[in-house]
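Please open the model in a viewer and keep the sequence panel visible. The tour below proposes a series of selections and describes what is found at each stop.

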Amino acid sequence: MSVTSYHGQAVIKEPIWTWEIPCYFYTGGLAGASAGLACLAELRGNDVLARRAWAAALAGGAVSPLLLSSDLGRPLRALNMFRMFKVTSPMSVGSWILLGSGNAIGVAAANAWLGWFPRLAKVARPVAALLGLPLSTYTAALIANTAVPVWHEARRELPLVFGSGAALSAGAAAIALTPPRDAAPARRLALAGAVLETTTKRMMERRLGEHGDPYKQGQGATYGHIAHACLGLGALLAARRASSSRAAAIAAGALLSAGALSARWSVFRAGFQSAADPKYVVGPQREAIDRGQRSGAARRASRVAQPDPAIGSPATVS
Amino acid sequence: MRPEASAASGLETHAWPGSYGDRAKPRMGFFTDTSVCIGCKACEVACKEWNQIPMSIQGFTGNSYDNTIDLGANSWRHVAFVEQRVSTDAREGDTFAEIAARNGAIDAGVQTYQEGDGIRWLMASDVCKHCTDAACLEVCPTGALFRTEYETVVVQEDVCNGCGYCVPACPFGVLDQREDDGRVWKCTLCYDRLKDDKEPACAQACPTNSIQFGELAELRQRAEHRLAQLAEAGQEKARLYLADEDDGIHGAGAFFLLLDEPEVYGLPPDPVDTVRDLKEIWAAAGVAAAALGAALAATVFGGSR
């Protein structure tokens, strides 16, 4: 695939987001899915697991705003995120979701561990669990709603990848934190998450076709390989040994968490590669025009039959 | 929104977040006629001076006469220089001036043909497009980016918190973060000068009227005649870029007359405001959220405690 370009330069800008953002993709998913896991485990009567999951949700929910603020060009203006609510901006919607779920998680966790806010917690638990679901997937909507081809063209699959990753992250954290005999639901969640994450990401890459090249080379591929290795090893350990050995459970949880984080990094870095090379940006646009699917933004036929030199010529402009 | 601008004219923008009502002005824009650009970079200089933009010396690129490289936080006008070996209707032994004269380029006032060595030089002054459907504005979570009463797109520097969402959202790569400042900056179409009924600094400085400023409706008229004029003179590759309402951004406030494919100048051939896919995007995120909920319930309740 070779395209015409201007001195090989990029057509769109690479994101300016730094390491905090892929880490937030992970912590946000961890917080969101952990809240759901905690709330449901409590309903099932597994309080040991529920308390651990609330702790994981609290950790994710507390770190997330710090990561996001730190990434801002003007961190002291972080509160400007709450000047308005805009559905056309997944970042705006997500800021409100994070605000709501973060507070709800805080109340629920304080209740689970310290017994505080007993009445408020009755409301906070389901609120945290429900808001945790969009908290886990809106980040995919956020990056899908950009001009970066590898993200935008995967707009239907990316939320599934991120949702699976959130399930995996919550399961992995709970495996590591919970005594093995109370961690059966966490093991099931982590294993299901690992399988879904791997399969949905592979499906996304396949559907992307040529757009998906950044997942096959450079850092997009490297982090993808690391994720595969960690998930494979971690899943094996979780399935075979984590139910009997606490040490194995911690190791499995750590490996699966590393896999989930690496998978987020793979998606993040692939976006940079996709934006930096004009072949990914111009190539598909030009092909769609050549195939007649799109008409493009340039037009060669004038809409006036006879040119009037008194109107058209640059010399006539006052 | 301007009452006299009918929907069919394609001149209307979403004046989000609200309408200007009686205070709305006609939509203003740029028509950049690259066929008469001489690459003097007066637009770049005038823009820097008027808007007090920090210097952005990035070294010597070797890419023809272009050392500005691209649009960004500190370059709101960027003159592109393209050197092409032209395969025209050249016959053995023709000088390039003869070819140019034969296909009427000189009579049509096309300044981009250089004599002698068969190199075709394209020059074009690029700028923020002030899109009808502006992705940057729609994704901005703080409302720092807004639509002015002239239907241009401007960043409010006292609001921008440097979240960076607009940077990869722009299909033209116009916006960027200023180092040591943290905020995002771009062309304002000289909003301050417009308020004083003055034309933008770049348009005023342009010595060949390659950059024309005015009411968009009139500029489009002018561009149609210019395109027809060039076509008559044999410039078959001349084209208008972003002059129509049926493209992926519903046309732009700053549009161009180009002499080759857009990508030759570093412009995307089919730019799209991805917000048009927003329903699909939100639906996918919603489905995934529901699936996550189902997966959580299934794993917690489907099996031993």
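**First stop: a strand pair across two chains**

Select A:Arg299 and B:Leu240: in β9(B), B:Leu240 is the bridge partner of A:Arg299. Element names follow DSSP runs, helices being H or I runs of at least four residues and strands E runs of at least two, numbered from the N terminus. This is a predicted model, in which local features need pLDDT of at least 70 and side-chain atom pairs count only at pLDDT 80 or more, while totals for chains, interfaces and linings use all residues. Residues are numbered from 1 along each chain as its sequence is written, and chains are lettered from A and ligands numbered from 1 in the order in which they are written.

Extend the selection to strand β1 of chain A, residues 298–299, which runs antiparallel to β9(B) and is joined to it by two bridges. Two strands count as paired if DSSP finds at least two bridges between them.

**Second stop: the five-stranded sheet**

Now add the remaining strands of this open sheet, whose order is β1(A)-β9(B)-β10(B)-β1(B)-β8(B), with mixed pairing. At its edges are β1 of chain A and β8 (211–215) of chain B, each of which pairs on one side only. Selecting α7(B) shows a helix packed on the sheet, where it touches β1 (28–33), β8, β9 and β10 of chain B. The direction of α7(B) makes about 135° with that of β8(B); such angles run from 0 to 180 degrees between N-to-C directions, with axes as lines fitted to C-alpha atoms, for helices over the stretch in contact.

Move from β9(B) to strand β10 of chain B, residues 254–258: three bridges pair them in the antiparallel sense. Here B:Arg239 stands opposite B:Leu258.

Which strands pair with β1(B), and in which sense? Towards β8(B), five bridges form an antiparallel pairing, and B:Phe30 faces B:Phe213. Towards β10(B), four bridges form a parallel pairing, and B:Phe30 stands opposite B:Ala254.

Colour β1(B) by burial: six of its six residues are buried. A residue is buried if 20 or more other C-beta atoms, placed from the backbone, lie within 10 Å of its own, exposed if 12 or fewer, and partly exposed in between. B:Met28, B:Phe30 and B:Thr32 point one way, whereas B:Gly29, B:Phe31 and B:Asp33 point the other way.

**Third stop: before and after the strand**

Step back to B:Arg23, in the segment before β1 of chain B. Is this residue buried or exposed? B:Arg23 is exposed, because 7 other C-beta atoms lie within 10 Å. Its C-alpha atom is separated by 35 Å from that of B:Pro269, 246 residues away along the chain.

Next select helix α1 of chain B, residues 42–51, whose buried residues include B:Ala42, B:Cys43 and B:Glu44. Just after this helix, B:Gln52 takes a positive phi of about 50°.

**Fourth stop: the interface and the core**

Show both chains together: 88 residues of chain B are in contact with 87 residues of chain A. Contact requires C-beta atoms, placed from the backbone, within 7 Å of each other. On the side of chain B that touches chain A, the largest share, 17 residues, comes from α8(B). The residues on that side divide into 45 nonpolar, 24 polar and 19 charged; Ala, Val, Leu, Ile, Met, Phe, Trp, Tyr, Cys and Pro count as nonpolar, Asp, Glu, Lys and Arg as charged, and the others, Gly among them, as polar.

Then select A:Leu256 and B:Cys136, which have the most contacts inside the largest nonpolar core, a set of 192 residues. Domain 1 (11–272) and domain 2 (274–305) of chain B both contribute to this core, so it lies between them. Such a core joins buried Ala, Val, Leu, Ile, Met, Phe, Trp, Tyr and Cys residues through C-beta atoms within 7 Å, and the domain bounds come from an automatic or database domain assignment. Leaving aside neighbours within four places in sequence, the contacts of B:Cys136 include B:Leu145, B:Val153 and B:Cys166.

**Last stop: the chains as wholes**

Finally, display each chain alone. Chain A has 11 helices and one strand, and 58% of its 318 residues are buried. Its C-alpha atoms fill a box of roughly 85 × 40 × 30 Å along the principal axes. Chain B has eight helices and 10 strands, with 53% of its 305 residues buried.

How values were computed
Two residues are in contact if their C-beta atoms, placed from the backbone, lie within 7 Å.
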